[in-house]
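Biologist: I am new to this protein and would like to go through it with you, one question at a time. Could you take me from one helix outward to the whole chain?

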Amino acid sequence: MKAIVHDEYGAPDDVLELRDIDPPAPEDSSVLVRVHATSVNPADWHLIRGIPYIARLQLGLRRPHHTVPGCDVAGQVEAVGANVTGFRPGDEVFGTPFLHGFGTFAEYVCVPADLLAHKPENLSFEQAAAVPLAATTALQGLRDHGRIGPGQHVLIVGAAGGVGTFAVQLAKHWGAEVTGVCGTGNADLVRSLGADHVIDYTRVDFTRGGRRYDVVFQLSGTRAPWHYLRVLTPGGTLVLAGGDSDGRWIGAVARLLAARLMAPFVSQRLTSLTVAPNAADLVLLRDRIEAGEVTPVIDRSYPLDELPAAIRHLEQGHARGKIVIVP
């Protein structure tokens, strides 16, 4: 099969290579999926570059343990392991092997059965590939960490990105009043997703406004945690789920450590999110998608052999929604 392979860390244009390799074989509890579409996530370029360096403790110190990157998949079941009962060949599925081997930038990938669900019937494979990791991050960030509820005021920083576009829709689904932070060119998109208010971060310092929020969901930017305390209610919650950083050693982890050190001394809850993909959340998301309450936003699509260009576009930080790859 054809797959994108990298044997060492580095810039995508330098280390990524389209090769013919042997297809994987499903283990007892996994499913072999023919990849019809996948998508690009920040985790991919961190895996390919090996930056921040602290990530190499898990990914491989000198060389990557996982030589075929890729976190999301939408496709058809080709074969199932001996212990798999919920899927059979021909089923249309979507999911993510995130932290369980990666490997979706290829024609076939093996995915643990408990990280897959049947694809939403009203989505194409390309649309479905945009959902798993980003939408699960949005779901768990708001529900599990933000403890979002009806009538709450929620600020989503990075509302036009891959996770942010799902977060806006899910927050509205739960009855929140949503303010989205984005750049000038994305204001109309964020409003169309249901945001009640939009703040253009290029024109307004959103951490110095008069409005206070019950939940701040930080998905992009370089703001330190203490900046968000200015706009949180006294009992509000800050959910840190990423953001930008030039630090090569620990990157955005520095922001998470700062929040942990501050937490005992402030009235607000400061929490960080590490997404934990699972089938139950995929089913929940599928139900919301089929009900017309959540729709993936696709920025653009690339063929598999143009993956380096897709990652460059993502790294520039201006993608509107998700970037999809079609093998």
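Biologist: Which residues of helix α11 are buried, and which elements do they pack against?
Modeller: This is a predicted model, and in it helix α11 spans residues 307-315. Its buried residues are L307, P308, A310, I311, H313 and L314. These residues pack against β1 (2-5), α1 (12-15), β3 (30-40), α2 (42-49), β14 (298-303) and β15 (322-326).

Biologist: Which residue just after α11 takes a positive phi, and of about how many degrees?
Modeller: The place to look is just after the helix, whose residues are 307-315. There G317 takes a positive phi, and its value is about 80°.

Biologist: Is K322 buried or exposed, and which residue offers a backbone oxygen to a polar atom of its side chain?
Modeller: K322 sits in strand β15, one of the elements against which the buried residues of α11 pack. Its relative accessible area is 3%, which is under the 20% cut-off, so K322 counts as buried. Leaving out residues up to four places away in sequence, K322 touches residues including S39, V40, N41, D72, D299 and R300. A polar atom of the K322 side chain lies 3.0 Å from a backbone oxygen, and that oxygen belongs to V40.

Biologist: Which element gives the most residues to the largest nonpolar core?
Modeller: This core holds 44 residues, of which V131, L142, I156, V168 and F217 touch the most other members. Among the elements that give two or more residues to the core are α5 (132-145), β8 (153-157), α6 (162-173) and β11 (213-218). The element that gives the most, with six residues, is α6.

Biologist: With which residues is I156 in contact, leaving aside its neighbours within four places in sequence?
Modeller: I156 is one of the core residues that touch the most other members, and V168 and F217, which are also named in that group, are both among its contacts. The full list for I156 is G164, A167, V168, A171, V178, T179, G180, V181, F217 and L219.

Biologist: Why does F87 count as buried, and which residues is it in contact with beyond its neighbours within four places in sequence?
Modeller: F87 lies in the loop between β4 (73-80) and β5 (92-95). Because its relative accessible area is 10%, under the 20% cut-off, F87 counts as buried. Beyond the neighbours within four places in sequence, F87 is in contact with V31, V77, V80, V93, A113, L116, A117 and H118.

Biologist: How many disulfides does the count come to?
Modeller: C71 is buried, with a relative accessible area of 0%, and C110 also counts as buried, at 19%. The cysteine sulfur nearest to that of C71 is the one of C110, 16 Å away, whereas a disulfide requires sulfur atoms within 2.5 Å. C110 is likewise in no disulfide, and the count comes to zero.

Biologist: How does the radius of gyration of the protein compare with the globule rule?
Modeller: The protein has eleven helices and 15 strands. For 327 residues the globule rule gives 20 Å, and the radius of gyration is close to that, so the protein is as compact as a globular protein of that length; the radius is 19 Å.

Biologist: What percentage of the residues in the protein is buried?
Modeller: The C-alpha atoms fill a box of roughly 60 × 45 × 35 Å along the principal axes, and the protein exposes about 14,000 Å². Of the 327 residues, the buried ones make up 53%.

How values were computed: Residues are numbered from 1 along each chain as its sequence is written. This is a predicted model: local features need pLDDT of at least 70, side-chain atom pairs count only at pLDDT 80 or more; totals for chains, interfaces and linings use all residues. Side-chain values use heavy atoms; hydrogens and water are left out. Helices (H or I, at least four residues) and strands (E, at least two) are DSSP runs, numbered from the N terminus. Buried means under 20% relative accessible area, exposed over 50%, partly exposed in between (1.4 Å probe, protein chains only). Contact means heavy atoms within 4.5 Å. A nonpolar core is a set of buried Ala, Val, Leu, Ile, Met, Phe, Trp, Tyr and Cys residues joined through side-chain atoms within 4.5 Å. A polar contact is a pair of N or O atoms within 3.5 Å; within protein, one must be able to donate a hydrogen and the other to accept it, and residues adjacent in sequence count only if both atoms are side-chain atoms. The radius of gyration is taken over C-alpha atoms; the globule rule is 2.2 Å times the number of residues to the power 0.38. Accessible areas come from the Shrake-Rupley method with a 1.4 Å probe; for residues, only the protein chains shown count as cover.
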